[in-house]
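Let's take a walk through part of this fold, starting with how some strands pair up and ending with the charged contacts between side chains.

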Amino acid sequence: MPRLIVQSEEQAGQIFNLKGESAQVGRINENEIVIQHKSISSHHAEFILDGNDYLIKDLDSTNGTRVNGERVKSVKLRRGDLVRVGNIEMIYESEFAPDVKPLPDISPALNLSGCGFKGLPAHFKNASLIPKILSGSESQSIGLILGWIVFVSSLFYYTYKLFLF
């Protein structure tokens, strides 16, 4: 059964079950949902059954009706909506999940066959700071040079340590 749970400090935790075709909310006892608060009009809003859930309709109230922060005249409620009448905030709960729209079908006129990767354009230039990987013989030459540098550096380092300390 759809219901409203008051979140505002003044009346926190108060629950109003929505049943029947419609229910009016307001400050006076003529309403099905009576909330004694100065920010709520005598006949503030009306909840009207629409399928499994309710829609809320503002009855030209002084302080207005809001759903999820937006001022509304009439809107269908979905589970979890934050409803505000005057300065009183309530959560709308329902056992029904909100309607989900299906994804549209892919149009047969839409041709995606040309979207495949065909390599880089002829004018493309690499902006990377790391150069292109070298070919096999170039990388072997550089590796050999780096190896010799490490070897000679190590030889000098250990000779220095051996004779000076």
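Strands E5 (residues 45–50) and E6 run antiparallel and are joined by 6 bridges. This is a predicted model, so treat what follows as a reading of computed coordinates. Across that pairing, Phe47 sits opposite Ile56 of E6. The hairpin of E5 and E6 has 2 residues between the strands, and Gly51 takes a positive phi there, near 75°.

E6 also pairs with strand E9 (residues 74–76): the two run antiparallel, with 3 bridges between them. One of the contacts to look for is Lys57, whose bridge partner in E9 is Ser74. How covered is E6 (residues 53–58)? Mostly: 5 of its 6 residues are buried.

Now for the charges. How many salt bridges does a search of the whole structure find? The count is 4, among them these:

| Acidic residue | Basic residue | Closest N to O distance |
|---|---|---|
| Glu93 | Arg3 | 2.9 Å |
| Asp50 | Lys76 | 3.8 Å |
| Asp60 | Lys73 | 3.5 Å |

Take Glu93 and Arg3, which form a salt bridge with their closest N and O atoms 2.9 Å apart. This pair links distant parts of the chain, with Glu93 in strand E11 (residues 88–93) and Arg3 in strand E1 (residues 3–6), 90 residues apart. Glu93 has a relative accessible area of 30%, so it counts as partly exposed. Arg3 is partly exposed as well, at 28% relative accessibility.

The Asp50 and Lys76 salt bridge, at 3.8 Å between the closest N and O atoms, brings us back to the strands we began with. Asp50 lies in E5 and Lys76 in E9, so the pair links parts of the chain that are 26 residues apart. Asp50 is partly exposed, with 32% relative accessibility, and Lys76 is partly exposed at 37%.

Last comes a pair from the loops: the side chains of Asp60 and Lys73 meet in a salt bridge, 3.5 Å from N to O. Asp60 is in the loop between E6 and strand E7 (65–67), while Lys73 is in the loop between strand E8 (70–72) and E9; they are 13 residues apart. Are these two residues buried or exposed? Both Asp60 and Lys73 are exposed.

Note on methods
Residues numbered from 1 in each chain as written. Predicted model: local features only at pLDDT ≥ 70, side-chain atom pairs only at ≥ 80, totals over all residues. Heavy atoms only, no water. Buried < 20%, exposed > 50% of the residue type's maximum accessible area, 1.4 Å probe, protein only. Helix = DSSP H or I, 4+ residues; strand = E, 2+ residues; numbered from the N terminus. Pairing = 2+ DSSP bridges.
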